[in-house]
Amino acid sequence: MRQATASFDPRPLTDPVDKAAARAFARQLRANGGGRSGQQIIGIVMIVVIAVMFLSVGSTVFVGFISAATSMGGGLGGLFAIVPIIMVLVFVGALVAAIAHLVRGTGAIRTFRLANFARANAMTYDPGMAAPELPGMIFQVGSSRTSSDLVRGDQPRFVEFGNYRYTTGSGKEQTTHRWGYVAIKLDVPLPNIVLDATSNNALFGSNLPASFSRDQRLSLEGDFDKHFALYCPEGYERDALYLFTPDIMARFVDHAAALDVEIVDDWLFLYAQRDLSTLDPATWAWLFATVGAILDKMAQWARWRDDHAVRDAAAPAAAVPAAGTASTPDHPFAAPAMLTPPPPIVAPRGRRLRRRVPVVTFVIAGIFLVVWASMFFRIM
């Protein structure tokens, strides 16, 4: 991905589009196994749901018309019997036209614009995939996990912008969760750290799909706590302070205060509960500036090493001289234990934060219990 400088080119997002070229591009994507974008899939599902609802209600109306026509008899009754058939035919025709327009029209143009935007900014476009293999918290819950409209770059490091959907519950209680994300590949694995933005919290607290034990909350200096609640594994407070120096904290506050942040393994994720891969030039300008500001301060993160992992690895072999070292050094630069830096790994205790049951779960359970108890005693 290019840095967010004068090279940023948003024109393909708004320039006029040759509809024939857009449809040809969409056909080529499908031929190459591309599939439809998330917006198209959601649109088709909505149309199908509306169709089912219409047919459910329409079947009742249809039976009523037939009954009325039969009772009336004669030519007038036959005329009334034709009315519901005409209505069904008109509805089916409109449904087919709507799906065709969605698939071949708006969806194709959107895909074409995003692909050209990616190309103009030295990036690539992928319409999406099922069950993306990413370690972030939003990718580990629910079912029907799907990413869409992926825009990727690899300079100066790999970055992926995308939209994401998953569902929870079943039947009438099924809910679809909408997210946009930015995934940035890091040089080394780091401790699992979460920055929960305060600006997007819900009524009962965090909007994130996971909650974390409060004893992992770390307070930082300045106004940082007004914008983010930082969670790090117990025992990794000094490491968090090393990673989030005042200048890096300022970058996150200035550019990413509207986003939730997660560091997990060798990835950094930015989350928002809305689409981030869009046709809006202002959104892309903000995202490019945010990523550029973060990348500019990541050099020191590559030098981080986990002292916990070093101590755990060195303890069993403390009495054994390292290979290639002298037991009695004859010069001041001889390494007493290691000739190479410690490996870039994270000890097991730092790889994942401890989670807790969210408060909203207890609130809902309490309301249910009160309602159930009131109904029970009323019956008694």
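The side chain of N163 reaches the backbone nitrogen of S277 at 3.0 Å, and a polar atom of that side chain lies 2.9 Å from the backbone nitrogen of L276. Polar contacts of this kind are pairs of N or O atoms within 3.5 Å, where within protein one atom must be able to donate a hydrogen and the other to accept it, and where residues adjacent in sequence count only if both atoms are side-chain atoms. N163 belongs to strand 3 (residues 159-168), and because its relative accessibility is 0%, N163 counts as buried; buried stands for under 20% relative accessible area, exposed for over 50% and partly exposed for what is in between, with a 1.4 Å probe and protein chains only.

The model is predicted, and local features need pLDDT of at least 70, side-chain atom pairs count only at pLDDT 80 or more, and totals for chains, interfaces and linings use all residues. Residues are numbered from 1 along each chain as its sequence is written, while side-chain values use heavy atoms, with hydrogens and water left out.

The protein chain contains ten helices and nine strands, which are DSSP runs numbered from the N terminus (helices H or I, at least four residues; strands E, at least two). Of its 380 residues, 39% count as buried. Among contacts (heavy atoms within 4.5 Å) with a separation of 6 or more, 72% join residues 24 or more positions apart. The average pLDDT, the predictor's confidence in each residue from 0 to 100, is 81 for the protein chain, and 65% of the residues score at least 70. Residues 37-41 stay under 50, although the model has 17 contacts for them beyond four places in sequence; residues 100-105 are likewise below 50, with 13 contacts in the model beyond near neighbours in sequence.

A second asparagine, N192, lies in strand 4 (residues 175-197) and, at 3% relative accessibility, counts as buried. Leaving aside residues up to four places away in sequence, N192 touches Y231, C232, P233, E262, I263, V264, G350, R351, R352 and L353. Two of these neighbours, I263 and L353, also appear in the table of side-chain to backbone distances.

| Side chain | Backbone atom | Distance |
|---|---|---|
| N163 | nitrogen of L276 | 2.9 Å |
| N163 | nitrogen of S277 | 3.0 Å |
| N192 | oxygen of I263 | 2.8 Å |
| N192 | nitrogen of L353 | 3.0 Å |

Between C-alpha atoms, N192 and E262 are 7.3 Å apart in space, with their positions 70 residues apart in sequence. For P12 and A120 the C-alpha to C-alpha distance is 7.7 Å, at a sequence separation of 108 residues. P12 is found in the segment before helix 1 (19-31) and counts as buried at 14% relative accessibility; not counting residues up to four places away in sequence, P12 touches R113, N116, F117 and A120.

Helix 6 (residues 246-256) and helix 7 (residues 281-295) have axes that come within 10 Å and cross at roughly 180°, the axes being lines fitted to C-alpha atoms over the stretch in contact, with angles from 0 to 180 degrees between N-to-C directions. The two helices are therefore roughly antiparallel to each other, since angles over 145 degrees count as roughly antiparallel, under 35 as roughly parallel, 65 to 115 as roughly perpendicular and the rest as oblique. R251, F252, H255 and A256 of helix 6 meet W286, A289, T290, A293 and I294 of helix 7 in this contact. These residues divide into six nonpolar, two polar and one charged, where Ala, Val, Leu, Ile, Met, Phe, Trp, Tyr, Cys and Pro count as nonpolar, Asp, Glu, Lys and Arg as charged, and the others, Gly among them, as polar.
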